[in-house]
Structure formats: structure tokens, C-alpha cells
Amino acid sequence: MKNQRLRVSAYALIHDAGRILLCRLSREIPEWEGCWTLPGGGLEFGENPDVAVVREVEEETGLIVRPEGIAGIDNLFIKRDYEEFQGIRILYNITVVGGELRHEASGTTDRCEWHQLDRLSELKIVELVEAGVNLLKKPCSNQA
């Protein structure tokens, strides 16, 4: 039987006026090195996802943020020769409340930048970015 691995993570949708904040994956993740992703990452055992997204965004971008609710939940399933991996990814709408944008030093990301939503096709992005952008395009469904 293959090894089965489950990872729960929290990611931030930080956007304004046609732009979205993305982080570039570093050589610590060789499979996706150089690809752009949403700021965020895995929960530590026992950690609340709301706390995790704030911690991860600060680590990767230097920004202090406030979660404004869950935008959506994404499921990733990868079958490899040596394992089956499932990633449950919670995507949050985020408001920036402080900090200064900077790059992460010695982590899973090595750069963070604002990118135009209409030019994302020019970048190497992971599918999580597409999932997040699709959530941004959805109209609010909870309005009366």
C-alpha cells in the first residue's frame, strides 16, 4: 500500500485594483521552483487556520493581515509512485492592516510581488492561483 499523506493549509487572497499579491516558490520545493503561488502554507498541529494564514503571510511577505472570511476551499490530490497526497487548502479574503512588503529569507518562497490579474498568463503559476482568481471573480452568493 502506498503512503498516504494529508496536509491542511491556509492561503491569502490579497488583491486590489486589478492586482494580486503572489509569492515565488524557492529551491526548497524543487518540483515547483520558480512558480508563483498565493501567500500561505501549512498549519502547525493544533493551530487554528485563521491564525495560520496570518502567521504564514507575515513570514512570506512581511505584511500584517486580518482574515475577512473564507473565500473557498480547494482540494488537491496527487498520485505518485511512492505516495498519494491530498492537500486541503483554505483560501481567505484578506485585509492588510500593517507591515511592509519584503521577501522571505531562507524559506519555501524567495520573492513576493504584486501582479496584474490580466497578465497572469505570462507567469508560471501553480493551479492554486487559478483557483483563487476564480474565487475573486465569483459574485457574492450570500446577499439577500
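## A walk around the fold

Start with the whole chain in cartoon view and trace it from the N terminus: the order of elements reads β-β-β-β-β-α-β-β-β-α. That makes two helices and eight strands. Keep in mind as you go that this is a predicted model.

**Stop one: the whole protein.** Zoom out and turn the C-alpha trace about its principal axes; the spans are about 45 × 40 × 35 Å. The radius of gyration comes to 15 Å, which agrees with the value near 15 Å for a compact globule of 144 residues. Now colour by burial: buried residues account for 40% of the 144. If you draw contacts between residues at least 6 apart in sequence, 71% of them turn out to join residues at least 24 apart.

**Stop two: the surface.** Switch on the accessible surface. About 8500 Å² is exposed, with 49% of that coming from carbon and sulfur atoms. Then colour the charged side chains: there are 17 positive and 24 negative ones, and the centres of the two sets sit 3 Å apart.

**Stop three: Glu47.** Back to the cartoon, and select Glu47. You'll find this residue in the loop that runs from strand E5 (40-42) to helix H1 (49-61). Is Glu47 buried or exposed? Its relative accessible area is 14%, so Glu47 counts as buried, the cut-off being under 20%.

Show sticks here and look for what the Glu47 side chain meets. One of its polar atoms lies 2.9 Å from the backbone nitrogen of Glu44. Add Arg55 to the selection too: the side chains of Glu47 and Arg55 are joined by a polar contact of 2.8 Å. To fill in the rest of the surroundings, leave out the neighbours within four places in sequence; Glu47 then has contacts with Gly42, Ala52 and Arg55.

**Stop four: Ser106.** Next, jump along the chain to Ser106, in the loop between strand E7 (83-99) and strand E8 (109-116). Ser106 has a relative accessibility of 72%, so this serine counts as exposed; the threshold for that label is over 50%.

Before you leave, which distance separates the C-alpha atoms of Ser106 and Arg27? Select both and draw the line: 9.6 Å, for two residues that are 79 apart along the chain.

**Last look.** Show Glu47 and Ser106 together for a final view. Glu47 is the buried loop residue, at 14%, while Ser106 is exposed, at 72%.

Conventions: Residues are numbered from 1 along each chain as its sequence is written. This is a predicted model: local features need pLDDT of at least 70, side-chain atom pairs count only at pLDDT 80 or more; totals for chains, interfaces and linings use all residues. Side-chain values use heavy atoms; hydrogens and water are left out. Helices (H or I, at least four residues) and strands (E, at least two) are DSSP runs, numbered from the N terminus. Buried means under 20% relative accessible area, exposed over 50%, partly exposed in between (1.4 Å probe, protein chains only). A polar contact is a pair of N or O atoms within 3.5 Å; within protein, one must be able to donate a hydrogen and the other to accept it, and residues adjacent in sequence count only if both atoms are side-chain atoms. Contact means heavy atoms within 4.5 Å. The radius of gyration is taken over C-alpha atoms; the globule rule is 2.2 Å times the number of residues to the power 0.38. Accessible areas come from the Shrake-Rupley method with a 1.4 Å probe; for residues, only the protein chains shown count as cover. Lys and Arg count as positive and Asp and Glu as negative; His and the chain ends are not counted. The place of a charge is taken as NZ of Lys, CZ of Arg, CG of Asp or CD of Glu.
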